[in-house]
Amino acid sequence: MSTATHSSRGVPPMPERDPKALRAAIAQYAPQLLVDFDRHWRRDIADAYDLAPVPAFMARWWGEYALARDPHSQATVHRLEDEAGQEPDYARAKALIEEAGRLRRVAAQVDPGQ
């Protein structure tokens, strides 16, 4: 895992981009994700003889952790998703979901150490 320190907002750095480092970061900074991470790993990766699913697994959990390590960003995304679920106007609901998706994609693009 990276030796970088928390950002000025208190957000821990992203780990090295490998499953072991990502799991360690989740365990330390976002333990609420650990059960699902481990379950997904065991179900799709642990007993597989084909490593083809690993990049998709890493992409999904990299984004999940990148969001979960920053409570402010996570709250914003969840608020947008919740508002979209309650919004009766389709165009407005779609715009809210698109913004939540954009924020998730931005979070998932962060590099190790950032």
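## Close-up views of a five-helix chain

**Figure 1. Overall fold of the predicted model.** From the N terminus on, the elements run α-α-α-α-α. The model is predicted. The chain has five helices and zero strands. Its C-alpha trace spans about 45 × 40 × 20 Å along the principal axes. Of the 114 residues in the chain, 33% are buried. Among contacts with a separation of 6 or more, 56% join residues 24 or more positions apart.

**Figure 2. Surface and charge of the chain.** About 7100 Å² of the chain is exposed. Carbon and sulfur atoms supply 53% of that area. The chain carries 15 positive and 17 negative charges. The mean positions of these two sets lie 2 Å apart.

**Figure 3. The largest nonpolar core.** This core has 25 residues. Leu22, Ile26, Trp61 and Tyr65 have the most contacts inside it. Which elements give two or more residues to this core? They are α1 (19-29), α2 (34-46), α3 (54-68), α4 (71-86) and α5 (90-108). Helix α3 gives the most, with nine residues.

**Figure 4. Surroundings of Trp61.** Trp61 is one of the core residues with the most contacts inside the core. What does Trp61 touch, not counting residues up to four places away in sequence? Its partners are Leu22, Ile26, Leu33, Asp36, Phe37 and His40. Two of these names, Leu22 and Ile26, also stand among the core residues with the most contacts.

**Figure 5. A salt bridge between helices α5 and α3.** The count for the chain comes to nine salt bridges. In one of them, the side chains of Arg104 and Glu64 meet at 3.8 Å, N to O. This pair links distant parts of the chain. Arg104 lies in helix α5 and Glu64 in helix α3, 40 residues apart. Are the two partners buried or exposed? Neither label fits: Arg104 is partly exposed, with a relative accessible area of 27%. Glu64, at 25% relative accessibility, also counts as partly exposed. The cut-off for buried is under 20%, so both values fall outside that class.

**Figure 6. A salt bridge within helix α4.** The side chains of Glu83 and Arg79 meet in a salt bridge at 2.9 Å, N to O. Where do the partners lie? Both are in helix α4, four residues apart, about one turn of the helix. Glu83 is partly exposed, with a relative accessible area of 32%. Arg79 is partly exposed too, with a relative accessible area of 42%. Exposed means over 50%, so neither residue falls in that class.

**Figure 7. A salt bridge within helix α5, and a network.** Arg102 forms a salt bridge with Glu99. The closest N and O atoms of this pair are 2.8 Å apart. Both residues lie in helix α5, three residues apart, about one turn of the helix. Arg102 is partly exposed, with a relative accessible area of 37%. Glu99 counts as partly exposed at 29% relative accessibility. Which residues do salt bridges with shared partners join into one network? Glu64, Glu81 and Arg104 make up that network. Its members Arg104 and Glu64 are the pair with the 3.8 Å bridge.

Note on methods:
Residues are numbered from 1 along each chain as its sequence is written. This is a predicted model: local features need pLDDT of at least 70, side-chain atom pairs count only at pLDDT 80 or more; totals for chains, interfaces and linings use all residues. Side-chain values use heavy atoms; hydrogens and water are left out. Buried means under 20% relative accessible area, exposed over 50%, partly exposed in between (1.4 Å probe, protein chains only). Contact means heavy atoms within 4.5 Å. Accessible areas come from the Shrake-Rupley method with a 1.4 Å probe; for residues, only the protein chains shown count as cover. Lys and Arg count as positive and Asp and Glu as negative; His and the chain ends are not counted. The place of a charge is taken as NZ of Lys, CZ of Arg, CG of Asp or CD of Glu. A nonpolar core is a set of buried Ala, Val, Leu, Ile, Met, Phe, Trp, Tyr and Cys residues joined through side-chain atoms within 4.5 Å. A salt bridge is a side-chain nitrogen of Lys or Arg within 4 Å of a carboxyl oxygen of Asp or Glu.
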